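Here are some exercises to work through with the model open beside you. Try each task on your own before you read its solution.

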Amino acid sequence: MDSAALEPSLYTVKAVFILDNDGNRLLSKYYDPELYPSMKEQKNFETNVFNKTHKADNEIAFLEGMTIVYKSSIDLFFYVVGSAQENELMLMAVLNCLFESLSQMLRKNVEKRTLLDNMDGVFLVVDEIIDGGVILESDPQQVIEKVNYRADDNPLSEQSVAQHITEKLSLTSNVLQSAKEQIKWSILK
């Protein structure tokens with residue numbers, strides 16, 4: 001074996017992707033540009049992985065020199081890909097963190113429609129867990145806290161818009177009340 005291939009590396013994850021129950025891509029991020037450089041090669045790899053895993057009851061597969069850990073939920077398949085020498089437990093920690101984070105974010109409703117409706121949050125979750133193939137976080141609670149913090153800063157979310165309107169109405173009501181008081185006292189003088 002090549003000694004360079006056995007050198008420890010922070011670049012643990014080669015790819016992450018989520019497919020629906022027909023094998024169609026919903027989300028994919030490839031972190032090794034040399035692995036599958038074109039979209040066609042990526043989709044072929046995903047199709048091969050899906051065909052090998054969608055009926056299997058395992059959690060780990062080896063395909064095309066890659067170690068693949070996966071999990072299914074209702075109508076989704078979650079995959080984390082590493083090199084052949086990669087520690088399966090590290091990849092499984094990433095997969096479990098991804099799944100648990102999404103489960104919390106989507107309020108235990110991890111299925112295709114909900115995932116598609118919240119795709120911006122899904123990308124945030126993936127980016128909080130992995131950056132350029134390096135595992136940053138494996139604790140779902142930490143990921144959710146970071147993602148919620150960013151979501152709270154977004155001024156266009158429904159909750160923040162409703163809160164903004166409520167605050168403005170409250171301020172308007174206070175201004176009107178103050179104006180009424182001033183008029184009342186100026187008339188009574």
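Two strands pair if DSSP finds at least two bridges between them. Helices (H or I, at least four residues) and strands (E, at least two) are DSSP runs, numbered from the N terminus. The model is predicted: local features need pLDDT of at least 70, side-chain atom pairs count only at pLDDT 80 or more, and totals for chains, interfaces and linings use all residues. Residues are numbered from 1 along each chain as its sequence is written, and side-chain values use heavy atoms, with hydrogens and water left out.

**Exercise 1. Find the partners of strand β1 and describe each pairing.**

Step 1. Begin with β2 (residues 25–30), which pairs with β1 (residues 13–20) in the antiparallel sense over 5 bridges.

Step 2. Check the register. Alanine 15 stands opposite tyrosine 30 in β2, and phenylalanine 17 has serine 28 as its bridge partner in β2.

Step 3. Look at the turn. The hairpin of β1 and β2 has 4 residues between the strands, and glycine 23 takes a positive phi near 85 degrees there.

Step 4. Now go to β5. This strand runs antiparallel to β1 and is joined to β1 by 7 bridges; one partnership to look for is isoleucine 18 with phenylalanine 78 of β5.

**Exercise 2. Work out the strand order of the open sheet, and say which strands stand at the edges.**

Step 1. Write down the order. The open sheet has 5 strands in the order β2-β1-β5-β4-β3, with antiparallel pairing.

Step 2. Mark the edges. β2 and β3 (60–63) each have a single partner strand, so one side of each is left without a neighbour in the sheet.

Step 3. Add the twist. Direction ignored, neighbouring strands of this sheet are turned by 20 degrees against each other on average (axes are lines fitted to C-alpha atoms, for helices over the stretch in contact, and angles run from 0 to 180 degrees between N-to-C directions).

Step 4. Add the helices that pack on the sheet. α3 touches β1, β3, β4 (66–73) and β5 (76–83), where contact means heavy atoms within 4.5 Å. The direction of α3 makes about 25 degrees with that of β4. α5 touches β1 and β2, and its direction makes about 30 degrees with that of β2.

Step 5. Ask about cover for β5. Here 8 of the 8 residues are buried (under 20% relative accessible area; exposed is over 50%, partly exposed in between, with a 1.4 Å probe and protein chains only), so β5 is largely enclosed by the rest of the structure.

**Exercise 3. Which residues other than glycine take a positive phi in the loops that follow β3 and β4, and how exposed are they?**

Step 1. Go to the loop between β3 and β4, where glutamate 64 is found. Its phi is near 50 degrees, a positive value in a residue other than glycine. Glutamate 64 has 41% relative accessibility and counts as partly exposed.

Step 2. Move to the β4 and β5 pair, which is antiparallel over 8 bridges. Within this pair, tyrosine 70 stands opposite tyrosine 79 in β5.

Step 3. Inspect the turn of that hairpin. There are 2 residues between the strands, and isoleucine 74 takes a positive phi near 50 degrees. At 72% relative accessibility, isoleucine 74 counts as exposed.

**Exercise 4. Describe how helix α3 packs against helix α5.**

Step 1. Choose the descriptors. Two packed helices are described by the angle between their axes and the distance between the axes.

Step 2. Apply them. α3 (residues 88–105) and α5 (residues 119–129) pack at an angle of about 145 degrees, with their axes 10 Å apart.

Step 3. List the contact. α3 supplies Val94, Cys97, Leu98, Ser101, Leu102 and Met105, while α5 supplies Gly121, Val122, Val125, Val126 and Ile129.

**Exercise 5. Is valine 134 buried or exposed, and which residues does it touch?**

Step 1. Locate valine 134 in strand β7 (residues 134–135).

Step 2. Read the accessibility: at 18%, valine 134 counts as buried.

Step 3. List the contacts. Leaving aside neighbours within four places in sequence, valine 134 is in contact with Leu10, Tyr11 and Ile129.

Step 4. Compare sequence and space. Valine 134 and valine 13 are 121 residues apart in sequence and 6.5 Å apart in space, C-alpha to C-alpha.
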